[in-house]
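Okay, thanks everyone, I'll keep this short. Let me put the thing on the screen, and then we'll walk through it from the inside out.

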Amino acid sequence: MAMLVLGREEALDFINGECAELGGRPIDLVRDSDDGRDAVEAEIFRMALARG
């Protein structure tokens, strides 16, 4: 989903990097729990909306 919304390079940077808003690496949060996955999805949509 991240690649569809953000594009390949930005999605890879986001998923594998630290995200202060989420308190960790999105890839780890997605793997850890459904709540983590939901938080990452919400952040991806927030990023997309911020682009305009």
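Before anything else, one term: when I say nonpolar core, I mean a set of buried Ala, Val, Leu, Ile, Met, Phe, Trp, Tyr and Cys residues joined through side-chain atoms within 4.5 Å. And buried, for me, is under 20% relative accessible area. Also, please keep in mind that this is a predicted model.

So, with that in hand, the largest nonpolar core here has 12 residues. Reading along the chain, they are Ala-2, Leu-6, Ala-11, Phe-14, Ile-15, Cys-19, Leu-22, Ile-27, Leu-29, Val-40, Ile-44 and Met-47. Which elements give two or more residues to this core? That would be H1, H2, H3 and H4. As background, nonpolar side chains in soluble globular proteins tend to be buried together.

Let me zoom out for a second. The chain has 4 helices and 0 strands, and from the N terminus on the order is simply α-α-α-α. The radius of gyration is 10 Å, close to the 10 Å that the globule rule gives for 52 residues, so the chain is as compact as a globular protein of that length. If you want a box for it, the C-alpha trace spans about 30 × 20 × 20 Å along its principal axes. Of the 52 residues, 31% count as buried. And if you take contacts with a separation of 6 or more, residues 24 or more positions apart account for 40% of them. One example of sequence-distant parts coming together in space: Glu-41 and Met-1 are 40 residues apart along the chain, and their C-alpha atoms are separated by 8.2 Å.

Now, helix H2. Its buried residues include Ala-11, Phe-14 and Ile-15. Viewed down the helix axis, the buried residues of H2 fall within an arc of 95 degrees, so they line one face. The general reason is the usual one: an α-helix has 3.6 residues a turn, so residues three or four places apart point the same way. What sits on top of that buried face? The cover includes helix H1 (2–6), helix H3 (26–32) and H4. Flip to the face of H2 turned away from the buried side, and you find the exposed residues Glu-9 and Asp-13.

Staying with the core a moment longer, look at Met-47. Leaving out residues up to four places away in sequence, Met-47 touches Leu-6, Glu-10 and Phe-14. Leu-6 and Phe-14 are core members too.

Glu-10 brings me to the charges. In general, side chains of opposite charge can pair when their charged atoms come close. How many salt bridges does a search of the whole structure find? It finds 7. The one I'd click on is Glu-10 with Arg-51, at 2.0 Å, N to O. Glu-10 lies in helix H2 (residues 8–16) and Arg-51 in helix H4 (residues 34–51), so this pair ties together parts that are 41 residues apart in sequence. On accessibility, Glu-10 is partly exposed at 32%, and Arg-51 is partly exposed at 47%.

Next door in sequence, Arg-8 and Glu-9 also meet in a salt bridge, 3.4 Å from N to O. Here Arg-8 is exposed, at 53% relative accessible area, and Glu-9 is exposed as well, at 52%. Then there's Asp-28 with Arg-25, where the closest N and O atoms are 3.1 Å apart. Asp-28 is partly exposed at 32%, and Arg-25 is partly exposed at 30%. Finally, Asp-34, Arg-37, Asp-38 and Glu-41 are linked in a network of salt bridges. Glu-41 is in helix H4 and is partly exposed, at 30%.

Last stop, Glu-43, also a residue of helix H4. Is Glu-43 buried or exposed? Its relative accessibility is 8%, so Glu-43 counts as buried. What does its side chain do there? It joins the side chain of Arg-46 through a polar contact of 2.6 Å. Setting aside neighbours within four places in sequence, Glu-43 is in contact with Phe-14, Cys-19, Glu-21 and Leu-22. Three of those names, Phe-14, Cys-19 and Leu-22, you've already heard in the core list.

That's my tour, thanks.

Methods: Residues numbered from 1 in each chain as written. Predicted model: local features only at pLDDT ≥ 70, side-chain atom pairs only at ≥ 80, totals over all residues. Heavy atoms only, no water. Salt bridge = Lys/Arg side-chain N within 4 Å of Asp/Glu carboxyl O. Buried < 20%, exposed > 50% of the residue type's maximum accessible area, 1.4 Å probe, protein only. Arc of directions from axis to C-beta. Contact = heavy atoms within 4.5 Å. Polar contact = N/O pair within 3.5 Å; in protein donor to acceptor, adjacent residues only side chain to side chain. Rg over C-alpha atoms; globule rule 2.2 N^0.38 Å.
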